[in-house]
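Please look over the sequence and the coordinates shown below, and then follow the paragraphs that walk through them from one part to the next.

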Amino acid sequence: MTEHDQSGFSFAEDTAVDFNPLEAFAFDDAEGDKDAAPSVLAEGPFNMPDPDAIPQFQRELVAFDNGETATERIEALFAQMPTLHKMLFAILDQCSAPVPTADLEAAIEEMKRHHHSVYEPLTLCSLLERAGAIAQTDEDGVPLTEVEQEPLRVEVDGVEFWRVAPAPAVYWSLTEEGGAQLDTYRPMEMIARLYEAEPQYTGIFTTCLELCGRDGGTSLRAIGDIVDDEPVLQSPKRYAMYFIDKLEHAGAIEWTGQWSLTAHGREYLTTLNED
Amino acid sequence: MTEMINDVTEETAEAMTVEDLAELCDSRAATYELLARLYRQEVDQELLDELIATDYPVSSGNDLMDAGYYGIAKYLSNAWVDPLMKLSVDYTRAFLGSGIDTYSAAYPFESVYTSEKRLLMGDARDEVLAIYRSCGLEKSESWTVGEDHVAVELEFMRVLAHRTAAALRADDEERAYSLINTQRNFMGDHLSSWVPVFLAEVRRFAETGFYLGVADVTEGFLEEDEALLTDLVSDRN
């Protein structure tokens, strides 16, 4: 083929030449302005944001303290912290009578010794306070939220100054709604329901309670050595941890370095033995 | 920080002895130091103890400062339980934020307020870094963010105020004047140009009376200090 001989080609009539592989993905600019996100900047200097244009996040759907009533907030808080129920109920129980901040903090630290948590003691108190379950009060249980201290106005060398007013002694007390929540915690009934729900394991539950009731508690291995070969646990196959887990959630036993009976678990075991 | 915040604003540059002026510069340096510390990081126990032990002027001659000092004293008078945690949370809310846009907090960097897209490490940072270096200052190894952070700019003013006091006491009037002039220029070119806008954002994001008070004190103090520096320079001229 010579340089000028192009008879074998016809670009002008070849429709494939106009094909643009990216065309299908191109944005349609003619309609673009309608869908563009509005600017969050207000008119004026410094690019200050326009509060009305800032996107609203759906925080009200996830924040427990957006509940309207204390009961709703407490319910939401407990629903959002399922692994800390025992701790939260224990704090409520501590606050049944006005308790000083330092004592409450020490009690929670003691509870945390065997239940590692990222929450500081006073953070847990603060969550319950925001929910309306407990409140900062004075020694007589009068809420301190109604007390707003003014700084002291003092005069030094003829010049007036504001001086930080000394803090009052802060106690923590249960609110009415917190008391109602505490009333819903009934370990004795929860343990009884365990027995009712799985009557075939009555003996296993009782054995676990007895082993945990020993001085100093017992280990999972020790419980497993005794119960794992029981015929009732062979089909379906169950291991000791299944029962430990249920008893712990019911409030009958707790981890204190070993598995030990709680006061409720001991009381239930005593009742069983009497029967 | 001194146990008592001195009233630096009532005095004027007129009829001041050299020692008076040196003391005034020391006092300004102390206030800059306190403000720089408050913006640099969260309040810790040591600072909280100092803040509680401090007496705050009732009448400083500036309404914003008066309101700010009262706000700080009132907050501390009512912060009975776990104030460090509450102040840390508010510091994070006000200055760090957690959003995905550039409007989730009052970002304490000059570049954010002087660049079109609110970006860090902009021209403002280069400018202030050049000024620090021209004054023989280098950033500390431990400082890992931009040099146009409000705490660094306030700290720079503290260093210059301190140097001014030393120059005055050494009878080096030329150097003292030069330092005052540098402070006046830095105030006009940088701090005054963006800190009021930054503080307006602080007031939007901070929720505790403490940081709202700090914002008021900062704005009031910078107003007064700018007026003072302008007075001192014009007196000299």
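Which residue is the bridge partner of A:Thr137 in β5(A)? The partner is A:Tyr171, and the surroundings of that pair are a convenient place to begin. The model is a predicted one, in which local features need pLDDT of at least 70 and side-chain atom pairs count only at pLDDT 80 or more, while totals for chains, interfaces and linings use all residues. Residues are numbered from 1 along each chain as its sequence is written, and chains are lettered from A and ligands numbered from 1 in the order in which they are written.

Strand β5 of chain A, residues 171-174, is joined to β2(A) by 4 bridges, and the two strands run antiparallel; strands here are DSSP runs of E of at least two residues, helices are DSSP runs of H or I of at least four, and both are numbered from the N terminus. Besides the pair already named, A:Ile134 stands opposite A:Leu174 in β5(A). A further 2 bridges join β1(A) to β5(A), again antiparallel, and A:Val99 stands opposite A:Trp172. Two strands are taken to pair if DSSP finds at least two bridges between them, and the result is an open sheet of 3 strands in the order β1-β5-β2, with antiparallel pairing. Its edge strands are β1 (99-100) and β2 (134-137) of chain A, each of which pairs on one side only. Both faces of β5(A) are covered, with A:Tyr171 and A:Ser173 buried on one side and A:Trp172 and A:Leu174 buried on the other; a residue is buried if 20 or more other C-beta atoms lie within 10 Å of its own, exposed if 12 or fewer, and partly exposed in between, with C-beta atoms placed from the backbone.

Strand β3 of chain A, residues 152-156, presents another picture: the number of buried residues among its 5 is 0, so this strand lies largely in the open. It is joined by 5 bridges to β4(A), residues 159-163, and the two run antiparallel. Within this pairing, the bridge partner of A:Arg153 in β4(A) is A:Trp162. The hairpin of β3(A) and β4(A) has 2 residues between the strands, and A:Asp157 takes a positive phi near 50° there.

Strand β4(A) also leads across to the other chain, since 3 bridges join β4(A) to β1(B), in an antiparallel arrangement. One of the pairs involved is A:Arg163 with B:Asp55 as its bridge partner in β1(B). Taken over the chains, 24 residues of chain B are in contact with 27 residues of chain A, where contact requires that C-beta atoms placed from the backbone lie within 7 Å. On the side of chain B that touches chain A, the elements giving two or more residues are β1 (55-57) and α3 of chain B, and α3(B) provides the largest share, 7 residues. That side divides into 15 nonpolar, 3 polar and 6 charged residues, with Ala, Val, Leu, Ile, Met, Phe, Trp, Tyr, Cys and Pro counted as nonpolar, Asp, Glu, Lys and Arg as charged, and the others, Gly among them, as polar.

Helix α3(B) therefore merits a closer look, and at 1.5 Å a residue its 16 residues should span 22 Å, which agrees with the 23 Å between its end C-alpha atoms; the expected span is 1.5 Å times one less than the number of residues. Its buried residues include B:Met65, B:Gly68, B:Tyr69, B:Ile72 and B:Ala73, and what covers the buried residues of this helix includes β4 of chain A together with α2 (45-53), β1 and α9 of chain B. Leaving aside neighbours within four places in sequence, B:Ala73 is in contact with A:Pro151, A:Trp162, A:Val164 and B:Tyr56.The largest nonpolar core, a core being a set of buried Ala, Val, Leu, Ile, Met, Phe, Trp, Tyr and Cys residues joined through C-beta atoms within 7 Å, has 64 residues, and B:Tyr69, B:Ile72, B:Ala73, B:Ala94, B:Phe198, B:Val202 and B:Tyr211 touch the most other members. Among the elements that each supply at least two residues of this core are β4 of chain A and, from chain B, α3 (63-78), α8 (173-205) and α9 (209-236).

Terms used. Contact = placed C-beta atoms within 7 Å.
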